[in-house]
Amino acid sequence: MENKKSLVFEILKTFHDTGLLNELILIGSWCQIFYKQILSGELPALRTQDIDFLIPKPNSIKISIDVPKLLEKHGFREVINNHNGLAKYSHPELELEFLAPEKGRGTDKPVMIKKLNINAVKLRYLNLLQSFPIDVEYKDIKL
């Protein structure tokens with residue numbers, strides 16, 4: 001588990017240093033590590049095998065960066081689903097996935113984010129998560 005935590009922090013630090021973290025919201029079970037900074041009480045130790053990042057405004061990205069190359073430096077490889085074209089990033093310790101809010105009629109195809117050279121799976125109701133984000137600082141990283 002410590003290897004996974006270290007890898008998550010490496011990724012967060014890299015995303016922070018490149019400005020990419022300003023365009024993303026960390027969602028899912030890995031947030032629990034950071035909830036301890038602002039909440040009291042016990043939190044479940046269970047975490048999923050993947051780390052999910054929400055891209056709240058895929059068409060309004062301000063920076064250009066080749067995310068797959070950035071992740072490759074940390075031992076991730078891009079895995080593309082032949083059925084729908086969705087890309088995930090796989091590491092022996094962890095998977096990483098990008099998500100975007102789905103609006104309108106919907107599609108099973110991912111949305112391409114050219115400025116980041118990635119695609120993201122579109123899911124309904126993610127707008128609820130982006131409506132009330134919580135900012136947390138951890139080891140000089142603002143999430």
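**Chat notes: helix 1, the aromatics, the pocket and K109**

User: Let's start with helix 1. Which of its residues are buried?

Analyst: In helix 1 the buried ones are K4, L7, V8, F9, I11, L12, T14 and F15. Keep in mind that this is a predicted model.

User: Why would buried positions in a helix come three or four places apart?

Analyst: An α-helix has 3.6 residues a turn, so positions three or four apart point the same way.

User: OK, and how does the end-to-end span of helix 1 compare with what it should be?

Analyst: It agrees. Helix 1 covers residues 2-18, and at 1.5 Å a residue its 17 residues should span 24 Å; the end C-alpha atoms are 24 Å apart.

User: What follows helix 1?

Analyst: G19 does, and its phi is positive, near 85 degrees.

User: Back to F15. What is its aromatic partner, and how do the rings sit?

Analyst: F15 pairs with F53. The pair is tilted, with 5.3 Å centre to centre and 55 degrees between the planes.

User: Are those two buried or exposed?

Analyst: Both F15 and F53 are buried.

User: And what does the F15 and F53 pair tie together?

Analyst: F15 sits in helix 1 and F53 in strand 2 (residues 50-54), so the pair links parts that are 38 residues apart in sequence.

User: How many aromatic pairs are there in the structure, and which residues cluster with F15?

Analyst: There are four aromatic pairs. F15 forms one aromatic cluster with F53, Y89 and F98.

User: Switching to pockets. What's the volume of the largest one, and which residues are closest to its centre?

Analyst: The largest pocket comes to about 730 Å³. It is lined by 27 residues, of which L24, I25, P133, D135 and L143 are the closest to the centre.

User: How does that lining split by residue type?

Analyst: The lining has 16 nonpolar residues, six polar and five charged.

User: Which element gives the most to it?

Analyst: Strand 1 does, with three residues. Strand 1 (25-27), helix 2 (32-35) and helix 4 (126-131) each supply at least two.

User: Last one: where is K109, and what does it touch?

Analyst: K109 is in the loop between strand 5 (94-101) and strand 6 (111-113). Leaving aside residues up to four places away in sequence, K109 touches H83, N84 and K122.

User: How far is K109 from K122?

Analyst: They are 13 residues apart in sequence, and their C-alpha atoms are 7.8 Å apart in space.

User: And why call K109 partly exposed?

Analyst: Because its relative accessible area is 44%, and partly exposed runs between the 20% and 50% cut-offs.

Note on methods: Residues are numbered from 1 along each chain as its sequence is written. This is a predicted model: local features need pLDDT of at least 70, side-chain atom pairs count only at pLDDT 80 or more; totals for chains, interfaces and linings use all residues. Side-chain values use heavy atoms; hydrogens and water are left out. Helices (H or I, at least four residues) and strands (E, at least two) are DSSP runs, numbered from the N terminus. The expected span of a helix is 1.5 Å times one less than its number of residues. Buried means under 20% relative accessible area, exposed over 50%, partly exposed in between (1.4 Å probe, protein chains only). On a 1 Å grid over the protein atoms alone, a cavity is a set of points where a 1.4 Å probe fits but cannot get out, and a pocket is an open set with protein on both sides within 12 Å along at least five of seven lines; lining residues have an atom within 4 Å of a point. Grid points are joined across faces, edges and corners, and a volume is the space filled by probe spheres set on the points. Ala, Val, Leu, Ile, Met, Phe, Trp, Tyr, Cys and Pro count as nonpolar, Asp, Glu, Lys and Arg as charged, and the others, Gly among them, as polar. Contact means heavy atoms within 4.5 Å. Rings of Phe, Tyr and Trp (its six-membered ring) pair if their centres lie within 6.5 Å; planes under 30 degrees apart count as stacked, over 60 as edge-to-face and the rest as tilted.
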